[in-house]
Amino acid sequence: MRKIYSLFYRILPVTKVEVDDRLYLLNEQESAAIRWRERLAITLSAIIGAIGVLLLYIPYYTRPQWFPVTNMTFFGNQFVLPLVFFAYSAILVWIEIILLTLLNIWCAHEIAVATGFLNYENKSQEKRHNLLLDIGLEKKNKHVLTYGIDPLQGLNKEALMAWNLLFILKATLTNLFFKFLVQRVLGRYALKAVKDFAGVPIFAFWNAWGTYIILREARVIIMGQNLIEEVIRRLERRAPPDQQGKDLIADTLQYVAVSKRDFHQNHYLLTENIFASYGIPHREKTWQERTYRSRLKQAPDDVRAVCTLLIVLGLLLDGNISIRERLKIKLLREEGSIPYTEADIIGFKDDFLNGRGVEKLITDQLSVGI
């Protein structure tokens with residue numbers, strides 16, 4: 001299927017949008033173009049979800065002869081299974097997934113164009129091509145593991161798998177709960193058709209919500225790529241740190257990864273560029289947070305400034321700051337390791353998400369030691 005999605009990406013036109021040279025910032029024209037595309041995509045996603053339910057149940061109730069049941073015997077017990085209906089449902093789900101994936105790829109493509117990340121000259125680049133496809137396919141980038149950076153270090157893998165499964169089943173579980181609620185309200189007089197068609201708003205909502213999340217992620221990743229490139233350019237103008245400084249910087253990236261507990265594309269790009277710029281070898285050693293915080297506090301001002309910049313960037317580059325991360329910020333602040341409060345970093349995150357950039361953060365930290 002990736003070949004089909006790749007072909008779809010290639011035939012999408014690069015529409016003209018007024019962009020400026022500051023690719024990590026958004027001007028009013030870029031913001032307006034993104035908002036319009038987001039509203040259109042969310043609406044289409046909700047419509048696809050609603051139509052999917054209607055196409056499932058309208059034929060089922062108006063043409064019952066199309067869906068004969070199958071009698072089957074298992075261990076001497078008779079079962080009546082609507083196998084034709086199950087197959088029809090599976091086909092509709094497959095079609096819906098394809099349509100939503102194409103919509104997601106279109107969203108990522110259009111946001112990339114609107115921000116200036118994608119244009120006629122670079123659209124054919126394999127790296128950008130794969131990045132935008134991965135956004136549309138909601139594919140995580142686990143290549144950060146090749147650098148010895150593990151976001152899941154110390155995490156219970158079984159609990160994580162259970163949570164991910166529950167998240168995947170959210171729409172189905174919500175629909176079952178809604179049907180149960182309808183039955184409880186209407187009692188034994190509830191019609192089966194009422195409960196079945198109650199899924200229309202449920203699946204429309206989850207489709208719209210899922211597309212909203214993809215849109216937000218696309219914006220975060222694409223704008224994050226531009227911001228990271230700008231930060232790396234400025235870091236390379238400074239004298240490189242010594243070996244102890246490089247080790248601390250690598251541990252800083254691990255600290256951010258463990259804080260996020262996620263294989264995020266922006267964190268991978270940040271790690272890739274930092275390791276390449278400073279010539280840091282891939283890590284194999286273990287890492288302890290308490291030891292890291294002590295080393296960070298005692299580090300030279302210029303090295304600690306780079307680490308502070310990486311910590312704050314790492315926390316905001318996925319567009320979310322969790323309660324756990326806020327507690328870490330508070331702890332680092334109390335220990336004197338970073339100069340920013342929780343409110344400061346949330347402000348940087350909001351500026352980043354709204355295309356205003358984080359110039360103050362970059363300037364403040366990169367001016368240390370100069």
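Helix α9 is followed by R261, whose phi is positive, near 55°. R261 has this positive phi although it is not a glycine. The residue sits in the loop between α9 and α10 (265-278). Helices here are DSSP runs of H or I with at least four residues, strands are runs of E with at least two, and both are numbered from the N terminus. R261 counts as partly exposed because its relative accessibility is 25%; the class covers values between buried (under 20% relative accessible area) and exposed (over 50%), with a 1.4 Å probe and protein chains only.

This is a predicted model, in which local features need pLDDT of at least 70 and side-chain atom pairs count only at pLDDT 80 or more, while totals for chains, interfaces and linings use all residues. Residues are numbered from 1 along each chain as its sequence is written, and side-chain values use heavy atoms, with hydrogens and water left out.

**Helix α9 and D318**

Helix α9 itself covers residues 243-260, which makes 18 residues. From first to last C-alpha, α9 reaches 26 Å, close to the 26 Å expected at 1.5 Å a residue; the expected span is 1.5 Å times one less than the number of residues. Of the 18 residues of α9, 15 are buried, so the helix is mostly covered. At the start of α9, a side-chain oxygen of D242 comes to within 3.3 Å of the backbone nitrogen of Q244.

K260 belongs to the surroundings of D318, a residue in the loop between α12 (301-316) and α13. The side chains of D318 and K260 are joined by a polar contact of 2.8 Å. A polar contact is a pair of N or O atoms within 3.5 Å; within protein, one must be able to donate a hydrogen and the other to accept it, and residues adjacent in sequence count only if both atoms are side-chain atoms. Leaving aside neighbours within four places in sequence, D318 is in contact (heavy atoms within 4.5 Å) with R216, E217, V220, K260 and H264. D318 and I221 are 97 residues apart along the chain, and their C-alpha atoms are separated by 7.3 Å. D318 is buried, with a relative accessible area of 11%.

**Salt bridges**

Side chains of opposite charge can pair when their charged atoms come close. A search of the whole structure finds 17 salt bridges, each being a side-chain nitrogen of Lys or Arg within 4 Å of a carboxyl oxygen of Asp or Glu. Three of them are listed below with their N to O distances.

| Pair | N to O distance | Separation in sequence |
|---|---|---|
| R2 and D134 | 3.2 Å | 132 residues |
| E38 and R219 | 2.9 Å | 181 residues |
| R293 and E335 | 3.1 Å | 42 residues |

The R2 and D134 side chains meet in a salt bridge. R2 lies in helix α1 and D134 in helix α4 (residues 126-136), so this pair ties together parts that are 132 residues apart in sequence. R2 is partly exposed at 31% relative accessibility, whereas D134 is buried at 16%.

E38 forms a salt bridge with R219. This pair links distant parts of the chain, with E38 in helix α2 (residues 28-62) and R219 in helix α8, which spans residues 199-235. E38 is buried with a relative accessible area of 15%, and R219 is buried at 16% relative accessibility. Not counting residues up to four places away in sequence, R219 touches I34, E38, I111, G224 and L353.

R293 forms a salt bridge with E335. R293 lies in helix α11 (residues 289-298) and E335 in the loop between α13 (323-334) and α14 (342-353), so the pair ties together parts 42 residues apart in sequence. R293 counts as buried at 14% relative accessibility, while E335 is partly exposed with a relative accessible area of 23%.

In addition, E230, R233, R234 and E359 are linked in a network of salt bridges.

**Nonpolar surface patch**

M1, I4, I91, W94, I95 and L99 form a nonpolar patch on the surface, with about 600 Å² of accessible area together. Patches are made of residues with over 30% relative accessible area and no salt bridge; like charges are joined within 9 Å, and nonpolar side chains (Val, Leu, Ile, Met, Phe, Trp, Tyr) within 5 Å. Accessible areas come from the Shrake-Rupley method with a 1.4 Å probe, and for residues only the protein chains shown count as cover. Helix α3 (residues 83-114) gives the most to the nonpolar patch, with four residues. M1 is placed in the segment before α1 (2-11) and is partly exposed, with a relative accessible area of 47%.
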